[in-house]
Amino acid sequence: MNTNLRTRTNIVSDEKGSIMLEFTFCIVLIVFLYLGLITVALRIDEYNALPKVARDAGRQAAITGSISEGYNRAEQTAWVLGLDKNKMDVRINRYSFGSRELIDCEVKYKSSPFSRIFPKLVDDSPFDEKELSSKVTFGWWDYEKK
């Protein structure tokens, strides 16, 4: 193949901007994937934290016999795990079923990790808000000796 020098320089000079364009497309795609993975990871972290909050609150209420102690423990555990207590709704119920004494603790949390990463981008309003929930039941039996 015998091409002259002028043809070679035209081919090379036409491709100068294509590398920059490919790099731009790739970096935008990588940034979107990175932000998506961070958002998913934060949502999974909050999803895994909710059962711990419910379990600690229900257990504290069952051990102490005080529902207010259960609420206090829920706030403490949520703080330790990095959850916002203003987005959390905790309900602790006590009831009897025959000789059984049961305590239910249900925790609902409004998760919006994208708003936590970029609060100014979405003006502090939830962009991808989902409600996560977890429920536990603690119970015990009082046996009578015959």
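**A walk through the predicted chain**

D89 is partly exposed, with a relative accessible area of 31%. This residue is a convenient place to enter the structure, which is a predicted model. The side chain of D89 meets that of R91 in a salt bridge, with 3.3 Å from N to O. R91 is likewise partly exposed, at a relative accessible area of 48%.

Before going further with the charged pairs, consider the chain as a whole. Its secondary structure amounts to four helices and three strands. Read from the N terminus, these elements follow the order α-α-α-β-β-α-β. The chain has 146 residues, and 25% of them count as buried.

Helix α2 covers residues 16–64, and F23 lies in it. F23 also belongs to a nonpolar patch on the surface, made together with M20, I27, V28, V31 and F32. The area of this patch is about 600 Å².

The next helix, α3, takes in residues 67–80. How does the distance between its ends fit its number of residues? With 14 residues at 1.5 Å a residue, α3 should span 20 Å, and its end C-alpha atoms are indeed 20 Å apart, so the two values agree. Buried residues in α3 include G70, A74, T77 and A78. These residues lie on the same side of α3, because the arc they cover around the axis is only 100°. The general rule behind such a pattern is that an α-helix has 3.6 residues a turn, so residues three or four places apart point the same way. The face of α3 turned away from the buried side carries W79 and V80, both exposed.

Past the end of α3, the chain enters a loop. G82, just after the helix, takes a positive phi of about 85°. K85 sits in the loop between α3 and β1, and its relative accessible area of 49% makes it partly exposed. Although K85 and A74 are 11 residues apart along the chain, 8.9 Å separates their C-alpha atoms.

The loop leads into a hairpin. Strand β1 (residues 88–97) pairs with strand β2 (residues 100–111) in the antiparallel sense, over 10 bridges. Two residues stand between the strands of this hairpin, and G98 takes a positive phi near 70° there. Across the pair, R91 has E106 as its bridge partner in β2.

Which residue does E106 join in a salt bridge? The partner is K108, and the closest N and O atoms of the two residues are 3.9 Å apart. A salt bridge requires such atoms to be within 4 Å, so this pair qualifies. Both residues are partly exposed: E106 has a relative accessibility of 26%, and K108 one of 28%.

A further salt bridge joins the side chains of E101 and R94, with an N to O distance of 3.7 Å. R94 is partly exposed, at 35% relative accessibility. In general terms, side chains of opposite charge can pair when their charged atoms come close. How many salt bridges are found when the whole structure is searched? The search finds three. They are the pair of R91 and D89, the pair of E101 and R94, and the pair of E106 and K108.

Terms used:
Residues numbered from 1 in each chain as written. Predicted model: local features only at pLDDT ≥ 70, side-chain atom pairs only at ≥ 80, totals over all residues. Heavy atoms only, no water. Buried < 20%, exposed > 50% of the residue type's maximum accessible area, 1.4 Å probe, protein only. Pairing = 2+ DSSP bridges. Patch = residues over 30% accessible without salt bridge, like charges linked within 9 Å, V, L, I, M, F, W, Y side chains within 5 Å. Areas by Shrake-Rupley, 256 points an atom, 1.4 Å probe, with all protein chains shown as cover. Expected span 1.5 Å × (residues − 1). Arc of directions from axis to C-beta.
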